[in-house]
Each structure stands twice: as C-alpha cells, then as structure tokens.
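Colleague: Got a minute to go through this model with me? I'd like to start with the ligand and then move to the helices.

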Amino acid sequence: MKSYDVELQDIVKDFDSGGAQIRAVDYVSVQIADGEFFALLGPSGCGKTTTLRLIAGFEQPTEGHILIRGRAMEGIPAYHRPVNTVFQDYALFPHLTVEQNIMFGLQMEGVNKREALKRAQDALEMVRLPDIGKRKPHQLSGGQQQRVALARALVKQPAVLLLDEPLGALDLKLRKSMQYELKALQRDVGITFIYVTHDQEEAITMADRIAVMNEGKMLQVGTPKEIYERPGTHFVADFIGETNFIPATLLKRENDGRGRVRLPDGSEICAALSDDLTTTSGAVTLAIRPERIGLASDVSAESATDRDLDILDAKLVDSQYIGTDTRYTLQIAEGTELVARVQNVDGRNSAAFDIGQTVKIFWHHSSTTVLDH
Ligand SMILES: Nc1ncnc2c1ncn2[C@@H]1O[C@H](COP(=O)(O)OP(=O)(O)OP(=O)(O)O)[C@@H](O)[C@H]1O
Ligand SMILES: [Mg+2]
C-alpha cells in the first residue's frame, strides 16, 4: 500500500462561535504525495488556514483522521509532528539577529549552540542569504525577512512545510521573484509544501496540484492544467482565470466524453462534458475561456470542414485594445454576450473589425466545458 506524506480522511472542523456553529472544514479528503507542491486555493473564509492548522496540530478535527507519513496524528501534539509552519505575519524576534532567530527553535529542542549555528548558516545558504546572519530583522527588506522566516522553518528539517500566504505582505514585483525562488527551493530540498493562497495565478504557476476550496469543501483537486482547462464546477471555472458562461441545453451525452448542446441562438455544437456533470439532459452552463475563441470576418473552406471546430455568427459589440491582446465583446444572441481575447500580432488585430459588424467566431470542441446549470 502506498503511503502518502499527508493524508486527510473525511475531515470536519466545527467551531462554536457564540452559540452558533460554523463548519470551517466540511468532509475534506485528500492525499498529498512526498515532495509535492500542493496549493490550497480559495476565497477568504473558505477554510484554508483551518485546514493547515489541523495538519499542524494547532486544532483538532471534529471528525475524521489525519495521517502524516502513514502515521495517525490523533493525540500527537503540534511540536511532535514532522511539520513546520510559515505564517503570513512571520514575526521574527526584533531584538535577535537573523542567526539567533533561526537558531532559536533548535536550541529550544536542546541542539547545542555550535551545531545550531552551523545549521542556521546552512539554512541561510539555502534561501540565498549567506551573508546577513549578524543583522537584525529591521535591517532587512520585506523579501529578505520572508526568506529568513523560511530559513527558520527549514532549519528544523520538517518532512512537510505548511505555508500560509507566505508572500501576502510583499509587493507584486517582489512577490513574483519570491514565487520563483520558493519554487526552486522546494525543488532543491524536496520537502513537501502545502501552500495556502487566495491568488489563483500564484497557485497555477507554483503548484504541482491545486485544491480549490469553497465553504469548507474541496471542490476540485488537480494539476493546474486540469483545473484551468477542465473545471468541474461553475465556481472553479469562475475562480480560476476569466471565463465566459453561456446558458445552454444539453441534448445528448455521447460516449466519448462530449455532448451535443443547443446555444441561445438555436445553433447546436459539441462540447466536452465536465467530470463532475450530473445533468443528463436539459439546462446546463457552457464555460469557455476568452483566449480559446477565434475571430475572423470569414472562415476558410478548410476550417469550415473541420469537424472539431464550432463556428458561430456573432455581432461585434465592442473592442478594447489592452496591449498584448485585444478584447472583443461579441453578441451571439439577444442577451448573450461573450468576451474573446485575441493576441495582437504586429498591432493588426485591433483595427481588423468594425463595431456592429457580423463576424465568425470559432473554437475547438475541447475548449468548451459543459457544467451543471
Ligand atoms: N477559532 C475560530 N472560531 C470560530 N470560527 C473560526 C475560527 N477560526 C476560523 N473560523 C471560521 O472558519 C471559517 C474558515 O476560516 P479560515 O481562517 O480557515 O479561512 P481562510 O480560508 O484561511 O480565509 P482567509 O483567506 O481570509 O485567511 C471562517 O468562517 C472563519 O470565520
Ligand atoms: Mg487564512
């Protein structure tokens, strides 16, 4: 039997809040592999921090079991679990030097000073700050402080590192470069990361797999590509990236994972069925990403006979130049508009169509996902 680094089995966490009960985590089950970069993604209040705190042992589950490296965590206090946590407000001790900050936890565990210093220096090396050990936290930039907090967590050589919005306090540019460094660091040291963020772009660029959470539930777990290209629900499609939602009618489910659907303009197209789809026929929602929609004044004979392509007429309502791309607002039926995003090549696209003009829009069958209404 394969053992996972972290395994959550039917975890529930209820909080008592002034008599009212809040379910912060609602039957979550997930298995996280050794060395995986696993992101917990979701809006504020969805239960991300609570999930981390349960794994860390700062909270006890109301129901369910947590296993770390195959070992049940019931009754195991936080300080005996092979995990370490980096919080958003990483709170370095201001009166201690960087080295002393990093050594502190080790010395509390009884590691002797010489050994603790050696390990602190190794940890600083790991976060690429070998020369700042003698400084105080206030003599560091925000990004450097963040890296010291990381070194402080890494120095204990945890099997699993839990990170709660670790880059939340940094400005955008620093955040981007830290994302890159953190990812490289994780790859180098091979520690399992469970990384909380509400920033979908951060999750997509950093994680091996993402769990999208809402209202205490893990709605979908998958690779960034799976989550982006094959969202299971309206919520997931909406939360990750930009999506067009079109009301549609499911006419027939095919055996190849596709279905025939009718659009509001009466046209019929083929589209991929989401894995989570429960509707067998009737009202559904079609999701399609703006960058998957092509636009032309007319379609070539070759495209017209491509059986995997859906081609529709649309009225161009608006076009907006946004530098790299042009955003087109298109009406496919009374009250149904779509946004298409087309990359600007030599600045040509933005001038290619007139507002009010009827154009052909097209996409690949596999670019659309049929979701429950
Ligand atoms: N100690 C507590 N007592 C009562 N309710 C709590 C407690 N901790 C969290 N909650 C509630 O549980 C829910 C989940 O909170 P949690 O902190 O896990 O959310 P989050 O996803 O981390 O949100 P954010 O992105 O804002 O940090 C919220 O409704 C929150 O108010
Ligand atoms: Mg939180």
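Colleague: Where does the largest share of the shell around ligand 1 come from?

Modeller: From α1, which gives 3 residues. Helices (H or I, at least four residues) and strands (E, at least two) are DSSP runs, numbered from the N terminus. Before going on: this is a predicted model, where local features need pLDDT of at least 70, side-chain atom pairs count only at pLDDT 80 or more, and totals for chains, interfaces and linings use all residues. Residues are numbered from 1 along each chain as its sequence is written, while chains are lettered from A and ligands numbered from 1 in the order in which they are written.

Colleague: Which elements supply at least two residues of that shell?

Modeller: β1 (6–17), β2 (20–32) and α1 (48–56) each do.

Colleague: And which residues come nearest to ligand 1?

Modeller: Phe-15, Ala-24, Ser-44, Thr-49 and Thr-50, out of 13 around the ligand. A residue counts as near if its C-beta atom, placed from the backbone, lies within 6 Å of the molecule.

Colleague: What is the shell like by class?

Modeller: The shell has 4 nonpolar, 8 polar and 1 charged residues. Ala, Val, Leu, Ile, Met, Phe, Trp, Tyr, Cys and Pro count as nonpolar, Asp, Glu, Lys and Arg as charged, and the others, Gly among them, as polar.

Colleague: New topic. At what angle do α2 and α4 pack?

Modeller: Helix α2 (residues 98–108) and α4 pack at about 30°, with their axes 8 Å apart. Axes are lines fitted to C-alpha atoms, for helices over the stretch in contact, and angles run from 0 to 180 degrees between N-to-C directions. The two helices are therefore roughly parallel to each other; that term covers angles under 35 degrees.

Colleague: Which residues make the contact?

Modeller: On α2, Val-98, Asn-101, Ile-102 and Gly-105; on α4, Val-148, Ala-151 and Arg-152. Contact requires C-beta atoms, placed from the backbone, within 7 Å.

Colleague: Where is Ile-132?

Modeller: Ile-132 sits in the loop between α3 (113–126) and α4. Leaving out residues up to four places away in sequence, Ile-132 touches Val-98, Leu-140 and Gln-144.

Colleague: Why is Ile-132 classed as partly exposed?

Modeller: Because Ile-132 has 17 other C-beta atoms within 10 Å. With 20 or more a residue is buried, with 12 or fewer exposed, and in between partly exposed.

Colleague: How far apart are Ile-132 and Val-148?

Modeller: They are 16 residues apart in sequence and 9.5 Å apart in space, C-alpha to C-alpha.

Conventions. Contact = placed C-beta atoms within 7 Å. Parallel < 35°, antiparallel > 145°, perpendicular 65-115°, else oblique.
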